[in-house]
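User: I would like to learn how to read the features of a model such as this one, beginning with its charged pairs. Could you take me through them step by step?

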Amino acid sequence: MVQLALLLVGMQAVQRHWRTLAVIGAGWVALGLVVAIDPLDGVQDIAMRTLGALLVIEGAAIAVTALLAGWRGRLWIAHAAALIIPGLMITETPWRNFVLISVLFGLALVADGTFRILSTLLVRFPGWRFALVASGLEFVLAVLAFTPWPVSYQATVPFCVGIA
């Protein structure tokens, strides 16, 4: 998504605003570190519902992109559903069942990684090998989500989001 946005904006605009983009990137890295480190002390400050909402937002963005692409985007609609459904289940869980939430998050990571690998193998864009490795790392995060290691189930989702 970011690559497409940069392509549409153009190289000259990116070069003109590279400092701003670098600051935004550094901010995202810092936010990821905060989210990853937050649950390690046993007190979770970042709400689980916020992380579920992020899954829903990403799924909705993919769905809008798929609908704008027409029915050529059937794989994208399945990808969007694979993120929206667990995201809604995480945000709307009436009880705090952290094992269930971790499993749902792990399933979302497996689905997202699978769709990314399939699209990478189909398109073979420049840098596709790096994208394939990055998609494979989603499977590693999914395994971490399915197990209570290296953090407890209560901290699994924030930890995986921060690492990603």
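User: Which residue forms a salt bridge with Asp112, and how far apart are the closest N and O atoms?

Analyst: Side chains of opposite charge can pair when their charged atoms come close. A salt bridge here is a side-chain nitrogen of Lys or Arg within 4 Å of a carboxyl oxygen of Asp or Glu. In this structure Arg116 forms such a bridge with Asp112, with the closest N and O atoms 2.8 Å apart. Please keep in mind that this is a predicted model, in which local features need pLDDT of at least 70 and side-chain atom pairs count only at pLDDT 80 or more, while totals for chains, interfaces and linings use all residues. Residues are numbered from 1 along each chain as its sequence is written, and side-chain values use heavy atoms, with hydrogens and water left out.

User: Why are Arg116 and Asp112 separated by about one helical turn?

Analyst: An α-helix has 3.6 residues a turn, so residues three or four places apart point the same way. Arg116 and Asp112 are about one helical turn apart because they lie four residues from each other in helix 6. Helices (H or I, at least four residues) and strands (E, at least two) are DSSP runs, numbered from the N terminus.

User: How many salt bridges does a search of the whole structure find, and which residues do they join into one network?

Analyst: The search finds three salt bridges. Besides the pair with Asp112, Glu58 forms a bridge with Arg116 at 3.2 Å between the closest N and O atoms; since Glu58 lies in helix 4 and Arg116 in helix 6, this pair ties together parts that are 58 residues apart in sequence. The side chains of Glu138 and Arg116 also meet, at 3.1 Å from N to O, and because Glu138 lies in helix 7 and Arg116 in helix 6, the parts tied together are 22 residues apart in sequence. Through shared partners, the salt bridges join Glu58, Asp112, Arg116 and Glu138 into one network.

User: Are the members of that network buried or exposed, beginning with Asp112?

Analyst: Buried means under 20% relative accessible area and exposed over 50%, with partly exposed in between (1.4 Å probe, protein chains only). Asp112 is buried, because its relative accessible area is 6%, and Glu138 is likewise buried at 12%. Arg116, at 35%, is partly exposed, and Glu58, at 30% relative accessibility, also counts as partly exposed.

User: Which residues is His79 in contact with, leaving aside its neighbours within four places in sequence?

Analyst: Contact means heavy atoms within 4.5 Å. With those neighbours set aside, His79 is in contact with Ile62, Asp112 and Phe115. His79 is found in helix 5 (residues 74–91), and it counts as buried because its relative accessibility is 9%.

User: Which residues touch the most other members of the largest nonpolar core?

Analyst: A nonpolar core is a set of buried Ala, Val, Leu, Ile, Met, Phe, Trp, Tyr and Cys residues joined through side-chain atoms within 4.5 Å. The largest one has 20 residues, of which Leu55, Ile90 and Phe105 touch the most other members. Two or more residues come from each of helix 4 (48–68), helix 5, helix 6, helix 7 (128–146) and helix 8 (153–163), and helix 6 gives the most, with five residues. Leu55 is found in helix 4 and, not counting residues up to four places away in sequence, touches Leu83, Gly87, Ile90, Phe105 and Ala108. The C-alpha atoms of Leu55 and Ala108 are separated by 8.5 Å, although the two are 53 residues apart along the chain.

User: Which residues form a nonpolar patch on the surface?

Analyst: Patches are made of residues with over 30% relative accessible area and no salt bridge, with like charges joined within 9 Å and nonpolar side chains (Val, Leu, Ile, Met, Phe, Trp, Tyr) within 5 Å. Leu75, Trp76, Leu118, Leu122, Val123 and Phe125 form the patch, with about 570 Å² of accessible area together (Shrake-Rupley method, 1.4 Å probe, only the protein chains shown counting as cover for residues). Its largest share, three residues, comes from helix 6. Leu118, placed in helix 6, counts as partly exposed because its relative accessibility is 40%.
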